[in-house]
Amino acid sequence: MAAPRAAKAGGKTTSAGQAAGMPVVSSESMLALKRRARRINRALAEKYPYAHAELDFTNPFELLVATVLSAQTTDVTVNQVTKVLFARYPDARSLAEADPEDLELILKPTGFFRAKSRNVIALCTRLVDDFNGEVPGRLEDLVTLPGVGRKTANVVLGNGFGIPGVSVDTHFARLANRFGWTRSDDPVQIERDVAELFEPKDWTMLSHRVIFHGRRVCHARKPACGACPVANWCPSYGMGETDPVKAAKLLKYELASGNEALLEQLLAETHRAAEIRMESQKRTP
Ligand code: SF4
């Protein structure tokens, strides 16, 4: 990888900032910050053309419940559990009337299953009582539902309804600070700061890409700076391993050594998805 020029492009980090995982960004004009942020987004889009919501769902209801269940567990576990859950309880009405013990048994692998079971029943009861069993498509309504905060609401709006939203989870919050896009650790403020830097049409995919990057490369404790596709524009370059060989060993999932076939498959499916979209556009009058 070429020597990163992040210090020029972005700002400076102090050792105190690096130690806390929060870079202290020097003054950078709003225009320069926007340009740099959009450059990072483009680089992430090139690196992860297959980035997507990692929870399986077929409608907004399934996405809402899956997102609520994803607290404190992995998306892989949630996907295994929701396959069973939605086969037995396919909608809000059936889940609102679910037997709590049966539900706890199904949700057990996700952890905190008693609380999650109570939350899911309360959530579905509200959907039935106040929204005719449907998931509302407005942020102001979604955040009134039990167990639904802004992050969940934005995930549901962006991916279930196609309404742009910046979804701030722990990965997004960490990376937005490392990129110098915000200086806040408050999710609502981070959402506002990042939304300022991008067009609304980019918010949903940006969220997926940043979260993908946080899971694979820019880890909380050991960021793989030496193998990072946005090192050139990141003011926090150097807070993690910069040796390319050592950094490559820190990469996860399809980027990890030995997983080249999986990466190929993901890239091939991305290209196929693009072909399918192009074909369908040709047929559209
Ligand atoms: S891995 Fe390093 S260079 Fe890449 S985004 Fe994270 S802190 Fe910046």
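A residue is buried if 20 or more other C-beta atoms lie within 10 Å of its own, exposed if 12 or fewer, and partly exposed in between, with C-beta atoms placed from the backbone. Helices (H or I, at least four residues) and strands (E, at least two) are DSSP runs, numbered from the N terminus.

The model is predicted: local features need pLDDT of at least 70 and side-chain atom pairs count only at pLDDT 80 or more, while totals for chains, interfaces and linings use all residues. Residue numbers start from 1 along each chain as its sequence is written.

**Exercise 1. Describe the chain, then the cover of helix α10.**

Step 1. The chain has 15 helices and 0 strands. Of its 285 residues, 40% count as buried.

Step 2. Now take α10, residues 150-160: this helix is mostly covered, with 10 of its 11 residues buried. Among them are Lys151, Asn154, Leu157 and Gly160.

Step 3. What do the buried residues of α10 pack against? Their partners are α4 (60-69), α9, α12 (187-197) and α13, where a contact needs two C-beta atoms, placed from the backbone, within 7 Å.

Step 4. Just past the end of α10, Gly162 takes a positive phi of about 70 degrees.

**Exercise 2. Work out how α11 and α13 meet.**

Step 1. Helix α11 (residues 170-178) packs on helix α13 (residues 200-216) at an angle of about 90 degrees, with the axes 8 Å apart. The axes are lines fitted to C-alpha atoms, for helices over the stretch in contact, and angles run from 0 to 180 degrees between N-to-C directions.

Step 2. The pair is therefore roughly perpendicular, the class for 65 to 115 degrees; under 35 is roughly parallel, over 145 roughly antiparallel, and the rest oblique.

Step 3. On the α11 side the contact uses His171, Phe172, Arg174 and Leu175, and on the α13 side its residues include Val210, Ile211 and His213.

Step 4. By class, the contact has 4 nonpolar, 4 polar and 2 charged residues. Here Ala, Val, Leu, Ile, Met, Phe, Trp, Tyr, Cys and Pro count as nonpolar, Asp, Glu, Lys and Arg as charged, and the others, Gly among them, as polar.

**Exercise 3. Find the cores and follow Cys228 to the ligand.**

Step 1. A nonpolar core is a set of buried Ala, Val, Leu, Ile, Met, Phe, Trp, Tyr and Cys residues joined through C-beta atoms within 7 Å. The largest one has 37 residues, and Ala176 and Cys228 have the most contacts inside it.

Step 2. Which helix supplies the largest share of this core? Helix α13 does, with 5 residues.

Step 3. Leaving aside neighbours within four places in sequence, Cys228 touches Val217, Cys218 and Cys234. A second, separate core of 28 residues includes Leu103 and Ala153.

Step 4. Cys228 is also one of the residues that come nearest the ligand, out of 14 around it, together with Cys218, Pro223, Cys225 and Cys234; a residue is near if its C-beta atom, placed from the backbone, lies within 6 Å. This shell divides into 11 nonpolar, 2 polar and 1 charged.

**Exercise 4. Classify two loop residues with positive phi.**

Step 1. Phe112, in the loop between α7 (100-107) and α8, has a positive phi of about 45 degrees although it is not a glycine. Because it has 14 C-beta neighbours inside 10 Å, Phe112 counts as partly exposed.

Step 2. Asn132 sits in the loop between α8 and α9, and its phi is positive too, about 55 degrees. With 10 C-beta neighbours inside 10 Å, Asn132 counts as exposed.
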